[in-house]
Amino acid sequence: MSRPALVLLAAVLGCARIAPPPGGPPDRLAPDLLATRPDSLGSYPGFEGDVEFQFDEVVSEGGQPNFGLGTGDLERLVVLSPTEEVPVVRWRRDRITVKPREGWRPNTVYRVELMAGVRDLRNNISRSTTVVTFTTGTELPSDSLTGLIVDWTTSRPAPGALIEAVLLPDSLVYRTQADSTGRFRFGPLPRGEYVVYGAIDQNRNARLESRELFDSVRVAAGRDSVGELWAFRHDSVPPRITTVARVDSLAASVTFTGHLDPYQRLPADSVRVLLLPDSTAIGVEAVLPQAVYDSLYRPRDTARDTTQVADTTRAADTTRVRDTAAAVPPAPPGPTDTTRIPGQPPPRRVIGARPP
């Protein structure tokens, strides 16, 4: 072998060194919370700093920036109470800091909830929720509220629903979210009487809006059980007839623009039926909700599915004040009563404590 060939072979062998792969094993662990500042359940008169959540790695700022509108990725994960403003949420690499836009008020109980959803740079997502509760001078909170929120239009639990507890008489609003089963355990909270609202937060802005489905109940001081909140749409427009369809030779089905009160029973003389072309009046025997009619007059083997008949068996409300949701007759204890053993998941079936 000639000398040039030997030199070339040595050069190739010299470049073929084995090295460990760059970066090490892939990171599949979600960000782990190391500490919160200040410590929860402490009293800090004159507090002026930020509430801080510190992680064991750099977390993602998200694709939507924070502009104080509640639309940023981190802003959606933070629920600060009591305040009506979107809090100031800042990304600090491995830390997230929070403070109220209007500043900390003295002698107030504050609750800062960082919900599940914090991501690292490799898109690993934290599934845990962390709450920091502290005071700026008043006594430490000790009360809690528990309950279940149900979407009345489907008669099923409402996962992730918004829960607002309004402390009376100061009207301080404390907020949280129901879990994936529609249940909530909310606390610690200042001692006192509350009006508790449960809402289907359709736009996910952690604020109760008039067009959203909600229910409310007043809870006396010292009580912790809210019971069941049956969320439905509140408005000031009465239902109107949209269509009338002939069912058979003896019955007609009337469909309305909105959900109807399932407890309302109309007398027979509330409806007029005229025979055309002479407009001769025909006597009406009864005015019944669809479900009641089916149970009385339709054979079981030929009964049609009435769950798809729009609006004829559902509930509507003609009130505009939020407190009037409590005027709905109380439901009897049902299979989803919130006195069940803590931690036991509710059934995923339809809840039958109230008619649809």
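Is E113 buried or exposed at 6% relative accessibility? In this predicted model, E113 counts as buried, because its relative accessibility of 6% is under the 20% limit for that class. The legends below describe close-up views of this residue and of other parts of the structure.

**View 1. R111 and E113 form a salt bridge.** The closest N and O atoms of the two residues are 2.9 Å apart. R111 belongs to strand β7, which covers residues 109–114. With a relative accessible area of 3%, R111 is buried, and E113 counts as buried at 6%. This salt bridge therefore joins two buried residues.

**View 2. R111 touches residues from several parts of the sequence.** When residues up to four places away in sequence are left out, the contacts of R111 include V79, L80 and S81. R111 also touches V131, V132 and T133. Further contacts of R111 are Y174, R175 and T176, together with F186 and G187. In the case of R175, a polar atom of the R111 side chain lies 3.4 Å from the backbone oxygen of R175.

**View 3. E164 and R175 meet through their side chains in a salt bridge.** The N to O distance is 3.1 Å. E164 is part of strand β11 (residues 162–168), whereas R175 is part of strand β12 (residues 172–177), so the pair ties together parts that are eleven residues apart in sequence. E164 counts as buried at 4% relative accessibility. R175 counts as buried as well, at 2%. R175 thus appears in two views: its side chain meets E164, while its backbone oxygen lies 3.4 Å from a polar side-chain atom of R111.

**View 4. E193 and R218 form a salt bridge.** The closest N and O atoms of this pair are 3.6 Å apart. Strand β14 (residues 193–199) holds E193 and strand β15 (residues 214–219) holds R218, so the salt bridge ties together parts that are 25 residues apart in sequence. E193 is partly exposed, with a relative accessible area of 31%. R218 also counts as partly exposed, at 47% relative accessibility.

**View 5. R37, E52, D94 and R95 are joined into one network.** The network arises from salt bridges that share partners. The structure holds ten salt bridges.

**View 6. Helix α2 has a buried side.** The helix covers residues 290–297, and Q290, Y293 and D294 are buried within it. These residues lie on the same side of α2, because they cover an arc of only 100 degrees around the axis. The buried residues of α2 pack against β18, which covers residues 252–256. Which exposed residues are carried by the face of α2 turned away from its buried side? That face carries S295 and L296.

**View 7. V271, V273, L275 and I282 make a nonpolar surface patch.** The area of this patch is about 300 Å². One of its members, I282, has its place in strand β20 (residues 280–282). I282 has a relative accessible area of 41% and is partly exposed, because this value falls between the limits of 20% and 50%.

How values were computed
Residues numbered from 1 in each chain as written. Predicted model: local features only at pLDDT ≥ 70, side-chain atom pairs only at ≥ 80, totals over all residues. Heavy atoms only, no water. Buried < 20%, exposed > 50% of the residue type's maximum accessible area, 1.4 Å probe, protein only. Helix = DSSP H or I, 4+ residues; strand = E, 2+ residues; numbered from the N terminus. Arc of directions from axis to C-beta. Contact = heavy atoms within 4.5 Å. Patch = residues over 30% accessible without salt bridge, like charges linked within 9 Å, V, L, I, M, F, W, Y side chains within 5 Å. Areas by Shrake-Rupley, 256 points an atom, 1.4 Å probe, with all protein chains shown as cover. Salt bridge = Lys/Arg side-chain N within 4 Å of Asp/Glu carboxyl O. Polar contact = N/O pair within 3.5 Å; in protein donor to acceptor, adjacent residues only side chain to side chain.
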